[in-house]
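Welcome! Take a moment to look over the model shown here, then use the briefing beneath it as a guided tour.

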Amino acid sequence: WGCYQNYGFLTPLIVLAIPLLEVSCLIVIRTYYGIPFYQASPHHFSIYLKKNGWSVPSILCYISSLSLILMSIALLFFINVFSFQATIMLGAIFLVFWVYATFIYKNKQ
């Protein structure tokens with residue numbers, strides 16, 4: 001516990017990955033549709049999941065689970081259990097899983 005990560009300043013980015021992904025995706029989608037990024041639109045991924053058959057409790061469970069996973073990765077990265085390269089690899093795996101579960105997998109509930 002005494003040795004901390006040199007790249008520890010990236011820990012908040014890991015913890016805030018879900019809101020950052022949400023905002024980034026919204027900006028890209030709204031730009032694609034010609035909507036100003038600051039104007040409201042129904043392109044949030046929680047609305048997308050609900051339209052694709054996810055129930056509200058399953059959406060909350062999904063986001064909470066992903067947040068806990070990211071919090072664990074951030075803590076283990078910060079206390080130097082995971083190297084920078086391992087954290088980048090876990091981030092890539094997380095991103096692939098997030099895209100699959102959000103956009104490809106159809107939850108039938």
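What follows goes from the whole chain to its helices and then to a few single residues.

This is a predicted model. The protein chain contains five helices and zero strands, so reading from the N terminus you meet the order α-α-α-α-α. Much of this tour is spent on helix H5, which runs over residues 84-104.

**The chain as a whole**

- The C-alpha atoms of the protein chain fit in a box of roughly 45 × 35 × 20 Å, taken along the principal axes.
- Of the 109 residues in the protein chain, 27% are buried.
- The protein chain has an accessible surface of about 7400 Å², and carbon and sulfur atoms account for 74% of that surface.
- Look at contacts between residues at least 6 apart in sequence: 66% of them join residues at least 24 apart.

**Helix H5: length and two faces**

- How far apart are the end C-alpha atoms of H5? They are 29 Å apart, which agrees with the 30 Å that its 21 residues should span at 1.5 Å a residue.
- The buried residues in H5 are Thr87, Phe94, Trp98, Ala101 and Thr102. They lie on the same side of H5, because they cover an arc of only 85 degrees around the axis.
- Here is a handy rule for picturing this: an α-helix has 3.6 residues a turn, so residues three or four places apart point the same way.
- Which helices do the buried residues of H5 pack against? Their partners are helix H1 (11-15), helix H2 (17-33), helix H3 (45-51) and helix H4 (56-78).
- On the face of H5 turned away from its buried side, you will find the exposed residues Gln85, Ile88, Met89, Ile93, Val96 and Ile104.

**A nonpolar patch on the surface**

- Leu95, Val99, Tyr100, Phe103 and Ile104 form a nonpolar patch on the surface, and together they have about 430 Å² of accessible area.
- Phe103, one of the patch residues, has its place in helix H5.
- Is Phe103 buried or exposed? The answer is in between: Phe103 counts as partly exposed because its relative accessible area is 34%, and that class lies between the cut-offs of under 20% for buried and over 50% for exposed.

**Helix H2 and what comes just after**

- H2 has 17 residues, and the distance from its first C-alpha to its last is 24 Å, close to the 24 Å expected at 1.5 Å a residue.
- Ala17, Ile18, Leu21, Glu22, Leu26 and Arg30 are the buried residues of H2. They pack against H1, H3, H4 and H5.
- Ala17 sits in helix H2, and Ala17 counts as buried because its relative accessibility is 15%.
- Just after H2 comes Gly34, which takes a positive phi of about 80 degrees.

**Two pairs to find in the 3D view**

- Try picking out Ala17 and Phe97: they are 80 residues apart in sequence, and their C-alpha atoms are 13 Å apart in space.
- Next, pick Asn6 and Phe82, which are 76 residues apart in sequence and 12 Å apart in space, C-alpha to C-alpha.
- Where is Asn6 found? Asn6 belongs to the segment before H1.
- Asn6 is exposed because its relative accessible area is 69%, whereas Ala17 is buried.

Definitions and conventions:
Residues are numbered from 1 along each chain as its sequence is written. This is a predicted model: local features need pLDDT of at least 70, side-chain atom pairs count only at pLDDT 80 or more; totals for chains, interfaces and linings use all residues. Side-chain values use heavy atoms; hydrogens and water are left out. Patches are made of residues with over 30% relative accessible area and no salt bridge: like charges are joined within 9 Å, nonpolar side chains (Val, Leu, Ile, Met, Phe, Trp, Tyr) within 5 Å. Accessible areas come from the Shrake-Rupley method with a 1.4 Å probe; for residues, only the protein chains shown count as cover. A salt bridge is a side-chain nitrogen of Lys or Arg within 4 Å of a carboxyl oxygen of Asp or Glu. Helices (H or I, at least four residues) and strands (E, at least two) are DSSP runs, numbered from the N terminus. Buried means under 20% relative accessible area, exposed over 50%, partly exposed in between (1.4 Å probe, protein chains only). Contact means heavy atoms within 4.5 Å. The expected span of a helix is 1.5 Å times one less than its number of residues. The arc is that of the directions from the helix axis to the C-beta atoms.
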